[in-house]
Amino acid sequence: MRKFVTTIFLLVCTQILPLDFPNFSLGEENAKEEFKRGLTYKNLREYSAAKERFQKAVNLKKDFHLARLELSNNYYLLGEWEEALDELEILATKAKNDLLISNKIETLRLAIAGGVTEKEKIYFKTIEGDSIRGFRFRNPVDITFDEDGNFYVAGFDTSNVIKFNAAGTPISNWRGGITRKLERPVSLVYQNQKIYIADFLRDEVLIFDLNGSFLSSIGGPGKGPGQFRGPSSICFDRAGNLFVADSGNGRIQKFNANGQFVLEISGMGNSKLINPSGITVDANKLYVVDKDKVQVHIFDGDGNTLETISKPEWKKPRNIKILENQIFLTDELTGIWTYSLLNGDWTQLPKFRDKKGVYRVLFRPFAANMDGTGSLYFVDFGKHRIDIFSQKNNLLSNLDLKIESIDTSDFPNIHIYTRVKNRGGKELVGIDRLSFRIFENDNMTPLFSLANKNKVNEKLNLAIIYENSESLKKGKLSLEDGLFPLFRSLHDTDHVAVYRAGKDSQLILRETVSLRDILAKIRDGQPEEKHNFGKASIAALKKLSMEIGPKALVYLVSKEAKEDSFYQYQKSRIVSYAKAHSIPIYVLTTNPNPSYEESWSDITSPTNGKYIYLDGEGEERELYKQFRSHLDYRYILSYKTDTNPELINRYIKIGIGVNHRGVKGRDEGGYFVPEPR
């Protein structure tokens with residue numbers, strides 16, 4: 001049976017014959033040796049050295065298609081995407097109709113063009129709360145997501161929380177503990193490995209771990225500070241402050257990250273709150289839905305009214321969320337309304353068709369939210385269901401699965417490092433082990449494990465490049481004040497490498513967690529007029545790409561760094577290199593000129609980084625937290641091979657397949673049986 005399933009998988013998903021390891025005639029043995037060395041370097045994540053060996057192998061044997069595929073893979077991992085595409089297109093002429101090559105070409109063309117720009121979302125599926133045996137929920141009121149892609153649905157009538165994995169499979173059903181049993185959960189939010197739940201009947205905010213164990217609570221019945229009468233909605237701001245809509249007391253209460261009461265916001269005059277039912281925070285603005293007044297009030301951080309919004313079409317507004325520069329307002333009677341923060345238009349979402357072509361209507365929508373892939377989730381209180389919508393391209397095309405390296409240092413134990421992205425270039429998180437398939441020499445390996453994410457993300461890896469200039473030297477005090485919170489938070493296990501960008505680039509501190517050492521290097525260096533950020537960036541990215549765990553590339557600059565600082569390697573190459581390994585790029589500056597930010601946006605924005613002015617009181621206080629949030633989402637698949645260890649230097653072909661939410665992806669790689677140690 002196993003052989004039959006394997007054969008079917010290969011027939012349906014692959015046409016790999018032209019990419020098999022070839023036979024070598026006299027005079028071609030050197031091509032084999034160069035390929036072997038290249039593969040060894042690649043699996044050690046030495047991508048530059050691997051590229052050179054694969055180039056030699058292809059030059060020695062023009063029809064060595066497997067070497068050309070690996071050459072393309074290494075070009076991609078080095079940010080040389082145009083070169084990678086050239087090699088794939090050569091392969092496409094030799095291995096016609098090969099699905100692997102076709103998928104790689106399509107994916108790479110999209111990446112070079114900037115990724116998927118289409119924002120259209122289509123119906124994906126519905127989760128019916130009444131139809132899941134053992135995980136039933138009725139009258140769902142809210143939904144939230146953790147960083148692993150799991151989502152949590154609060155059922156008001158069933159007084160529970162159902163946890164689903166990223167594929168939408170229920171995995172646990174919470175009702176609270178003996179001392180803190182859920183009675184009427186009405187709002188929930190994920191924050192720092194915890195789930196916060198507003199319980200309307202208990203007049204409390206209950207805090208649980210991700211396994212559903214009760215940890216602590218905030219509040220209790222009453223009118224005083226820190227007490228509630230029917231808490232109806234909760235949210236966090238970027239600083240970790242908790243906001244609670246206290247509907248019965250007609251106010252919003254703010255708590256700090258330690259759960260201590262800070263501030264009460266109740267509004268004045270026309271913005272006086274009566275029955276706040278939904279809240280969200282965006283860009284230091286607090287948005288409050290008042291169900292009785294049928295209005296949205298916007299407050300600043302101190303509780304001052306900035307604006308009041310109302311529409312005659314609204315009847316019973318319930319909740320509010322800001323997603324992808326759009327306000328989503330749920331009205332229990334008239335449906336879901338959106339407002340673009342870019343062009344200022346209100347739109348009512350229309351009816352939608354399910355996969356059978358039947359029009360479906362949101363009967364009593366309570367909340368909306370979005371997961372890390374950009375899929376929208378609408379919570380329908382009246383129909384006891386969750387309707388999910390995803391980007392059209394992500395549902396109709398293959399996943400981008402790539403094998404980065406194969407570790408054989410612990411042979412016969414094999415460890416395969418992979419990434420899985422959608423067509424928008426977003427890494428997919430929360431894919432479970434059962435969604436993967438591993439084939440070794442075309443035989444499926446049924447027993448393998450998936451590395452624990454927490455172990456992979458234990459240490460932070462930073463590469464800091466500083467501009468060797470007189471201006472940065474003069475800004476030493478700003479650097480010290482701005483970077484002190486970051487270095488105070490670093491652990492001994494974290495790694496920071498420091499590069500100096502002058503006329504040339506130089507690695508001056510291979511590993512440090514000392515701000516004093518970095519400032520001393522800046523102080524004692526001889527300033528230069530040119531700053532080779534390009535060369536320093538490639539060296540830093542090369543080192544970061546070999547590390548495991550959260551990572552970031554950080555520039556320390558003043559006003560002297562110019563566009564021509566990337567004269568040896570262009571910004572586009574650096575961005576591609578960083579995106580291939582999901583490395584964000586941050587620019588920290590001592591220059592107070594706001595217009596300077598735009599000149600760096602083409603390198604920070606596409607890599608999910610940021611431009612931050614070091615003024616001692618801004619975002620730099622949260623730098624460590626921001627860097628740590630860029631988790632290493634690679635999937636590390638491990639298994640014990642049946643390959644005879646005596647077959648030293650024998651090439652072993654590896655195939656990886658994944659099926660997530662009905663969309664498939666695959667890649668191929670390989671290794672040579674190592675000599676015994």
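Q: Where is the place of Arg45?
A: In this predicted model, Arg45 sits in the loop between α2 (29-43) and α3 (47-60).

Q: Why does Arg45 count as buried?
A: Its relative accessibility is 13%. Buried means under 20%, so Arg45 qualifies.

Q: What makes the phi of Arg45 worth a look?
A: Phi is positive, about 65 degrees, although Arg45 is not a glycine. Most residues other than glycine have a negative phi.

Q: Which value puts Ser159 among the buried residues, and where is its place?
A: Ser159 has 12% relative accessibility. The cut-off is under 20%, so Ser159 counts as buried. Its place is the loop between β3 (151-155) and β4 (160-164). Ser159 also has a positive phi, near 50 degrees.

Q: What makes the bond between Phe411 and Pro412 stand out?
A: It is a cis peptide bond, with omega about 15 degrees. Most peptide bonds are trans. Pro412 is in the loop between β27 (400-410) and β28 (413-421).

Q: Why is the pair of Phe21 and Phe672 called edge-to-face?
A: The ring centres are 5.9 Å apart, and centres within 6.5 Å make a pair. The planes stand at 80 degrees. Over 60 counts as edge-to-face, so the name fits. Phe21 lies in the loop between α1 (2-13) and α2, and Phe672 in strand β40 (residues 663-672), 651 residues apart.

Q: Is Phe21 buried or partly exposed, and why?
A: Phe21 has a relative accessible area of 26%. That falls between the limits of 20% and 50%, so Phe21 is partly exposed. Phe672 is at 9%, under the 20% limit, and is therefore buried.

Q: Why is the pair of Phe151 and Tyr377 called tilted?
A: The planes are 55 degrees apart, with 5.3 Å centre to centre. Under 30 would be stacked and over 60 edge-to-face, so 55 degrees is tilted. Both Phe151 and Tyr377 are buried.

Q: How do you know that β33 and β34 pair?
A: Strand β33 (residues 495-501) and strand β34 (residues 505-509) share four bridges, in the antiparallel sense. At least two are needed, so they pair. One bridge partner is Leu507, which faces Tyr499. The two strands form a hairpin with three residues between them.

Q: What makes Lys402 count as lying over the face of Tyr76?
A: Lys402 is at 4.4 Å from the ring centre. The distance limit is 6 Å, so that part of the test is met. Lys530 sits over the ring of Tyr567 too, 5.5 Å from its centre.

How values were computed
Residues are numbered from 1 along each chain as its sequence is written. This is a predicted model: local features need pLDDT of at least 70, side-chain atom pairs count only at pLDDT 80 or more; totals for chains, interfaces and linings use all residues. Side-chain values use heavy atoms; hydrogens and water are left out. Buried means under 20% relative accessible area, exposed over 50%, partly exposed in between (1.4 Å probe, protein chains only). Rings of Phe, Tyr and Trp (its six-membered ring) pair if their centres lie within 6.5 Å; planes under 30 degrees apart count as stacked, over 60 as edge-to-face and the rest as tilted. A charge sits over a ring if NZ of Lys or CZ of Arg is within 6 Å of the ring centre and within 35 degrees of the ring normal.
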